[in-house]
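This report concerns a single protein model. Please read it alongside the sequence and coordinates shown here.

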Amino acid sequence: MVSFEGIEMAVVTFQEKDVTAGVPVAMDSDGTVKNAGSGAALVGLALNVRGGCAAVQVKGYAQLPYTGTAPALGWSRLTADGSGGVTAASSGGREYLVVQVDSDNKTVGLFL
C-alpha cells in the first residue's frame, strides 16, 4: 500500500477565531484563521486548537471529506464546502495535487 503521510508537512501556528480542529481554515484577519466557509480558498487544515491558537498544516499530504462531484485526480481546483471539507470548483479556490479519491467514503487525498 502506498502512503503519502508526512511528506513535506509544514505546520504554522496562527491565532484562531472559533476554529475547529480537523477542518479546513481560511484567513480571517492579520495572523488569524477561521473555519473556511463555502467557496473560501484554503489556508490549510487545522490540526489542533488550544489557548486561542491553531496549529495549521499548510503544506504536505492531507485527507479531507468532499461534497458534490468527486474531484479529478491530478491538478484539481478546490474550494472549501463550508461543512469541514472541500468541493470541486470551476472558479475560485486554487489547484491542489489530488492523488487519491475514495468515492465510497467521500474523501480526497491531496497535497496542500
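The sections below cover the nonpolar cores, the aromatic pairs, one buried aspartate and two backbone angles.

The model is predicted: local features need pLDDT of at least 70, side-chain atom pairs count only at pLDDT 80 or more, and totals for chains, interfaces and linings use all residues. Residues are numbered from 1 along each chain as its sequence is written, and side-chain values use heavy atoms, with hydrogens and water left out.

**Nonpolar cores**

In soluble globular proteins, nonpolar side chains tend to be buried together. A nonpolar core is here a set of buried Ala, Val, Leu, Ile, Met, Phe, Trp, Tyr and Cys residues joined through side-chain atoms within 4.5 Å. Buried means under 20% relative accessible area, exposed over 50% and partly exposed in between, with a 1.4 Å probe and protein chains only. The largest such core has 16 residues, of which Val-86, Val-108 and Leu-110 touch the most other members. Two or more residues come from each of β6 (61–67), β7 (74–80), β9 and β10, and β6 gives the most, with three residues. Strands (E, at least two residues) are DSSP runs, numbered from the N terminus.

Residues up to four places away in sequence aside, Val-108 touches Ala-62, Gln-63, Leu-64, Tyr-66, Pro-71, Val-86, Val-98, Gln-100 and Val-101; contact means heavy atoms within 4.5 Å. Apart from the largest core lies another, of seven residues, including Val-25, Val-33, Ala-46 and Ala-54.

**Aromatic pairs**

Rings of Phe, Tyr and Trp (its six-membered ring) pair if their centres lie within 6.5 Å; planes under 30 degrees apart count as stacked, over 60 as edge-to-face and the rest as tilted. A search of the whole structure finds three aromatic pairs, among them the two tabulated here.

| Pair | Centre to centre | Angle between planes | Geometry |
|---|---|---|---|
| Phe-4 and Tyr-61 | 5.5 Å | 35° | tilted |
| Phe-4 and Phe-111 | 5.8 Å | 80° | edge-to-face |

Phe-4 lies in the segment before β1 and Tyr-61 in strand β6, so their pairing ties together parts that are 57 residues apart in sequence. Because Phe-111 belongs to strand β10, its pairing with Phe-4 ties together parts that are 107 residues apart in sequence. Ring pairs thus link Phe-4, Tyr-61 and Phe-111 into a cluster. Tyr-61 counts as buried at 6% relative accessibility, and Phe-111 counts as buried at 18%.

**A buried aspartate**

Asp-81 lies in the loop between β7 and β8 (86–88). Asp-81 is buried yet has no salt bridge, and the nearest side chain of opposite charge, Lys-106, is 9.1 Å away. A salt bridge is a side-chain nitrogen of Lys or Arg within 4 Å of a carboxyl oxygen of Asp or Glu. The side chain of Asp-81 instead reaches backbone nitrogens, that of Gly-84 at 3.4 Å and that of Gly-85 at 2.9 Å. Not counting residues up to four places away in sequence, Asp-81 touches Ser-38, Thr-67, Val-86 and Thr-87.

**Positive phi angles**

Asp-18, although not a glycine, has a positive phi of about 55°. Asp-18 is found in the loop between β1 (10–17) and β2 (24–29) and is exposed, with a relative accessible area of 66%. Lys-106, also not a glycine, has a positive phi of about 55°. Lys-106 is placed in the loop between β9 (94–102) and β10 (107–111) and is partly exposed, with a relative accessible area of 34%.

Conventions: Helices (H or I, at least four residues) and strands (E, at least two) are DSSP runs, numbered from the N terminus. Lys and Arg count as positive and Asp and Glu as negative; His and the chain ends are not counted. A polar contact is a pair of N or O atoms within 3.5 Å; within protein, one must be able to donate a hydrogen and the other to accept it, and residues adjacent in sequence count only if both atoms are side-chain atoms.
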